[in-house]
Amino acid sequence: MAENILELKNISKQFPGVLALDGVDFDLKEGEVHALVGENGAGKSTLVKIITGIYKSTEGNIIYKGKEIEWANPLESVMEGIAAIYQEPTIFPDLNVAENIFMGHHKFNKYTRKIRWKELYDKTRELMKNLNPNIKPKDRIIGLSLAERQLVEIAKALSMEAKIIIMDEPTSALSISESEELFSIIENLKQDGKAILFISHRLEDVFVVADRVTVFRDGKLIGTKDIKDVTNESLIEMMVGRKVKDLFPKIDVKQGKEVLRIENLSKKGNFKNVSFSLHEGEILGFYGLVGAGRTEVAKAIFGMDLADSGKIFIRGKEKKIRNPDQAIEMGLAYVPENRDEEGIILDTDITTNISLPILESVSNFGWLDKNAEIKTANKYSEMLEVKASGLDQKVMNLSGGNKQKVSLAKWLASKSKILLFDEPTKGIDVGAKAAVHKFISELASKGFAILMISSELPEIMGMSDNILVMHEGLVTNYFKKGEATREKILQSAISDKK
Amino acid sequence: MEMIDKSKKTFSVKSFFLRWEVLLLLIFIVYNIIIIFTTPYYLDINNIFDMTFIFTEKGLVALIMAFIIITGNVDLSVASIMGLSSVAMAASYQAGVNIWAAFLIGLLIGTSAGFLNGMIITRLSLPAIIITLATYSFYRGIAYVILGNEAVSGFTKKFSYIGQGYIGNSPVPFPLIIFLIIAVISIIILHRTTFGRMVYAIGLNEKAAFASGIPIKKIKLLLFTLSGFMSGFAGMIITSRIGNTRPNIATGFELEIITIVILGGVMITGGVGNMWGVFISIVLISTIRYGLGFHNVPGQIMLVVTGGLLISSILINNFLKTFVSNRVLKR
C-alpha cells in the first residue's frame, strides 16, 4: 500500500454563522487520484483552501509527509510541494509559457540578478515534452487554448516539484478529446508518484480518472470509497442525501407552429450555412464540442454578434435583427453561457437584475414604478424558487444555482416566447440542475419554444425533443425524436462525416 | 422550502452614516459651523448668493459628467468645449452676427463637439478616455486657431444677464436658478426613471446590459451630446460673467469638474454614485472656497484643500466601513 502523503484529522472550519467543515478526517496517498465530489457549498473548496493554507482551520491537525504542519501563508504550501490548478488558470496572458512557469521562482544569477533565460527555456522544453510538445517555451499564453493553459499550470506545478496537485473542475471547459488528453496526463503523473486531488461536478470524469472518491455534504465528509465500489446513482445519493428521482423530468408536449426558422446563417470563421427550425413546445437540443460554434450561432440570432449572411424568420416573417433590443422586441431571449459576465449584474440586487429586460413594463412613460418592479421580481423569483435573504440581496452573494435562476427569471418576466439557453446548467449542483430542468420542461409544455445548447450528453439526451449537432461551424446532423443514440450524437460531434 | 424574506428593508442607523452623501453632508455642516463663528459677513445673504456665481458653470457640467462617469466613461474634453464654444460665439459676434444668434452658434458648436465625441466612441467602440483626451487638445486647438492670442470683449448689456443677472430685484442670480432646475431634473432622471436605471446598468456590467436589450450606444451618444451641449452652455455663462473671452478660457476646468463628481461619491469605475452626493459636493467645494476667501487664502491653497478633502473623505469612509464590518464579524 502506498504511503499517506497528507492526512487531515478532525478538521473543522467555522465562518461567522456557518460551520463550513465539520470534523473532517481525510487522507491522500502517493500515486493516487482522489476525487472530491459534492454539491456547491458542501465544503470541497474550503477543504482545498485549508490544505493550501489560504484558510486556517478552526480545529484539527494537518499531517504532511509524516509531520504535523501549520501553513503560515499560501506561499509556504506551494514551496513545500502542494500546487492547486483552478478552473480558469490564473496566469499572465501576455507573457510567454516559460515566464509563466517560472513566475515567482525565476532562475537568476546570484550577483547580477540577471535572469538565466536559456536555462528557463531549456527547462520549459523538457517539462512540456511529456505534456504537450507542441507548446513552445516562447509561445505567448494569449494564443493558447484553455486546455493548453491548464497544461502550463501543470508544468508550473512540476517545475516546483509538487508532490500534491489539486485540480479544481479541470474539465468543465474542455472538449471531450481535450479531457481525454488531460486524463492520460493525470495517469502519467500518478505513475510518477504524484498525489492528485480531483474536484469535479462531472461524475463521468470521476469514474474515468479516480481511484478513490470522497463525498461531501453540508460541510461533513459523508464517506470515502474505492471507485469500484460505487455507482453513479449511489454517488448522487450520497451527495444529495436522498434519491434524485428524476434529473430529467421531460414532459411530452405536442409541438405547435414553427416560430423560428434559420436559413443558411453564416459568419466567417465561426459557422457556415446553419439552418434549422424551432416550434412551439419544442426543446431543440443543440450539441457539439466546446468551440463548435453553437454559442456564436445563438448570439447571431439574438443580435449580439451579427452574422454575415443568412435569413432569420420569426413566425414566418423574415426579420433583420441588429441588436438584442430588437431581438427582445421580436420575442427572443438568450440566457448566456458565461452567466457572470453577460447574464446578470453581480454587483446589484435581485430586483434590478430581473427587471432589466422589462423596464418598460414596470414604468409609466419612463417613470420607474418601484412597487411594480418588486412585485414582478417577487413573482418570478418565487416561481423559480430562488433562495436569498431578500430581493435586495446582491446577486454576487448567491450560490451558482441561484445566480442561474436569476439569470433565467429575468426572461420569464419578459414577453419572450422563444428562449435560447446556452449551457443552462453549467457549473451548478445536482439539486439545482434538476430544478432548472424541471423548469425548462414546464416552459415547453406552456408553449415556449426552446433552443438548448449543452455540452453534456445526458442532458441533451434527457431533455430534448429533437437534437441538432454541430462540428467546427457546420451542422453535421439533425436527429428527430427517438432517432438519436449516444454513439450517433458523439460521432456527428467529432467528425463532419454523416 | 425557505424562500425570500419579503419583509421590507429596515432602516439602519449604521448604514445611514456609512452612506457617502451623508458623510459629505456632515463635513459640510461641521465646516459651516466653524466658518460661521470665525468669519464676520459669512452669513450675509447677498454675499452668499454672489458666491454661487463661481460654481454654476462647473456645477452644470458636473451634473452631466456624473451620468457619464456612472456609465463607466469619462469626458475629458468638457473644458475645451467650453472654450471652443465661447470663442465661436465671440468670433461670430465680432464678425457682426447678432448677439443671440452668436449665442445659439456657441450652443450648437458645443453640442456638435459632444455629438462628435459620442459618435467616435460608439461607432469605433473605443474607450471614452482616449477619444476625449484627443478632442481635449483638438477642440482647444481650434479655439486658438480661431482667435489666436486675441481677446474679444464688448458684448451687449443684455448678453451679460446670462452670467451676471439677478432675478428681478431679488439677490438671486439667474445662473443659480438654471443650475437648481437642471440639478433637480438630473436627480429625478437618475434616480426615478428607466433611463437612470439603464445608466447604472451600463456602468455595472456593460455586456450584461447589452444582452438585456439596453440600447447602450444610443445612451452613450445621448450623454456625450448632452455633455457637449451643457459645456457649450457653461461656456456662454462664463463668457457672459467675465465679459470677455480668450482661447484659454476655462482651462483646467475638466479636472475640477471630475474631482467634484468623484468627491460626490461617484465611482470612477462606474455603476456607483448618487446625484445628491454630487450636488452636495458642488455646494461644499463652493462654500469652502467662499469661506476661505474671507480669510484671504489664495487660490493655490484651494487646490491643496480640494485635494486634501478628496483624500480624507475616502479615508474616513474606508475607515468607517472596515470598522463596521469588523464589528459585525466579532459578534
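Into which domains is chain A divided? Chain A splits into domain 1 (4-240) and domain 2 (258-494), with bounds that come from an automatic or database domain assignment. What you're looking at is a predicted model, where local features need pLDDT of at least 70 and side-chain atom pairs count only at pLDDT 80 or more, while totals for chains, interfaces and linings use all residues. Residues are numbered from 1 along each chain as its sequence is written, chains are lettered from A and ligands numbered from 1 in the order in which they are written, and side-chain values use heavy atoms, with hydrogens and water left out.

**View 1. Domain 1 of chain A meets domain 2 of chain A.** Taken over C-alpha atoms, the two domain centres sit 33 Å from each other. Eleven residues from domain 1 of chain A and ten residues from domain 2 of chain A make the contact (heavy atoms within 4.5 Å). Together the domains bury about 940 Å², with 63% of that on carbon and sulfur atoms; buried area here is the accessible area (1.4 Å probe) that two parts lose on being put together, summed over both. Zero salt bridges turn up across this interface (a side-chain nitrogen of Lys or Arg within 4 Å of a carboxyl oxygen of Asp or Glu). Polar contacts between residue pairs, both at pLDDT 80 or more, also come to zero; such a contact is a pair of N or O atoms within 3.5 Å, and within protein one must be able to donate a hydrogen and the other to accept it, with residues adjacent in sequence counting only if both atoms are side-chain atoms. On the domain 1 side, helix α8 (residues 232-240) of chain A gives the most, with three residues. Helices (H or I, at least four residues) and strands (E, at least two) are DSSP runs, numbered from the N terminus.

**View 2. Chain A against chain B.** This contact draws 42 residues from chain A and 28 residues from chain B. The chains bury about 2800 Å² between them, 64% of it on carbon and sulfur atoms. Two salt bridges cross the interface. B:Lys207 pairs with A:Glu341 in a salt bridge, their closest N and O atoms 3.7 Å apart. Seven residue pairs, both at pLDDT 80 or more, are in polar contact across the interface. On the chain A side, α13(A) brings the largest share, seven residues.

**View 3. B:Thr194 at the chain A face.** Look for B:Thr194 in helix α10 (residues 194-204) of chain B. B:Thr194 counts as buried because its relative accessibility is 11% (buried means under 20% relative accessible area, exposed over 50%, partly exposed in between; 1.4 Å probe, protein chains only). Leaving aside neighbours within four places in sequence, B:Thr194 is in contact with A:Leu359, A:Ser363, A:Gly366 and A:Leu368.

**View 4. A:Gly219 in its loop.** A:Gly219 lies between β9 (212-217) and β10 (220-226) of chain A. With a relative accessible area of 1%, A:Gly219 is buried. Not counting neighbours within four places in sequence, A:Gly219 has contacts including A:Ala20, A:Asp22 and A:Ala42.

**View 5. A:Tyr86, partly exposed.** A:Tyr86 is found in the loop between β6 (82-85) and α3 (97-101) of chain A. The relative accessible area of A:Tyr86 is 28%. Residues up to four places away in sequence aside, A:Tyr86 touches A:Val48, A:Ile54 and A:Asp168.
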